[in-house]
Amino acid sequence: NEDGKIIEGGKLLITDMDVKVGSSTAKNLDFGDNIKYEAKPGDIVKFQMEFKNNFSRNGSDFEDLDIEDIEVTVTILGIDDGDDLDKDAKEFDLKADKDDKIDVEFTIPLEVEEDTNIEVLIEASGDDEDGTTHEVKYELTLEVQKEDNEVLFTRNSLTPSEIKCGRTVQLSTAVINTGADDEDGVVLEVANTELGVSSKETFDLSNDAFDVDSKFTKTYTFSVPQEVAP
């Protein structure tokens with residue numbers, strides 16, 4: 001801003017903080033709280049925040065100030081193989097003594113380590129009508145917990161999706177170990193009696209989310225018999 005004045009802990013306040021993890025919501029969280037619900041790989045985590053412009057509308061002209069172009073960034077630190085995940089909310093304005101609710105939503109990566117102490121940083125700032133920047137910061141802690149045994153498909157696609165007799169079809173498939181344990185002897189079976197398709201793969205998967213051995217990919221190619229009915 002023109003004056004270069006920045007006030008942390010000024011008139012821009014976070015008055016309520018809820019975090020929805022999957023289908024469960026932790027309500028009324030305070031600065032530094034642990035989010036009591038654990039996130040799993042692939043979960044949606046939504047930060048539901050209420051901001052207030054704490055300038056008084058009934059005071060002097062000096063006090064009755066809008067805070068404009070408020071930017072909100074939520075950052076989950078180091079969750080993506082040491083890299084941060086961050087998202088910005090749409091900018092908004094707040095009139096004096098008014099509040100507004102803002103949501104920021106993340107999807108936890110499938111490739112993620114178990115961790116009980118993942119830091120989350122919420123940062124917001126906006127300029128009042130006199131050119132002073134008001135900043136507020138909030139910190140929370142998120143836990144990622146895995147099932148002992150869980151293997152998920154990350155891809156299952158047919159090309160082309162509509163097939164004709166005598167044509168060649170490709171099935172592209174991929175799986176990932178999102179569980180806490182190594183998985184030995186995983187069996188992947190592809191079968192369809194009408195098309196004469198029968199294939200089986202057996203393989204091991206590491207429990208290290210960022211190891212290539214935690215994933216398996218395979219493309220199957222087969223021809224559609226001429227006599228197959230529609």
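**Exercise 1.** In this predicted model, find which residues of the largest nonpolar core touch the most other members.

*Solution.* Step 1. The largest nonpolar core holds 40 residues. Membership requires a buried nonpolar residue joined to others through side-chain atoms within 4.5 Å.

Step 2. Within this core, the residues that touch the most other members are Ile35, Phe47, Met49, Phe51, Val72, Ile122 and Leu140.

Step 3. Next, list the elements that give two or more residues to the core: β2 (12-21), β4 (44-53), β5 (67-80), β7 (92-94), β8 (99-107), β9 (115-128) and β10 (133-144). The largest share comes from β5, with six residues.

**Exercise 2.** Which residues are in contact with methionine 49, leaving aside its neighbours within four places in sequence?

*Solution.* Step 1. Set aside the neighbours within four places in sequence.

Step 2. The contacts of methionine 49 are then Asp16, Met17, Val72, Val74, Asp100, Lys101, Ile102, Asp103, Val104 and Ile122.

Step 3. A second core, separate from the largest, has 14 residues, including Val190, Val197, Leu205 and Phe222.

**Exercise 3.** Work out the strand order of the open sheet that contains β11, β12 and β15, and say why one side of β11 and of β15 is left without a neighbour in the sheet.

*Solution.* Step 1. The order of the three strands is β11-β12-β15, with antiparallel pairing.

Step 2. β11 (151-159) and β15 (215-223) are at the edges and have a single partner strand each, so one side of each has no neighbour in the sheet. From one strand to the next, the twist averages 15°.

Step 3. β11 is joined to β12 (residues 168-177) by eight bridges. Serine 157 has serine 172 in β12 as its bridge partner.

Notes:
Residues numbered from 1 in each chain as written. Predicted model: local features only at pLDDT ≥ 70, side-chain atom pairs only at ≥ 80, totals over all residues. Heavy atoms only, no water. Pairing = 2+ DSSP bridges. Helix = DSSP H or I, 4+ residues; strand = E, 2+ residues; numbered from the N terminus. Axes fitted to C-alpha atoms, helices over the stretch in contact; angles between N-to-C directions. Buried < 20%, exposed > 50% of the residue type's maximum accessible area, 1.4 Å probe, protein only. Contact = heavy atoms within 4.5 Å.
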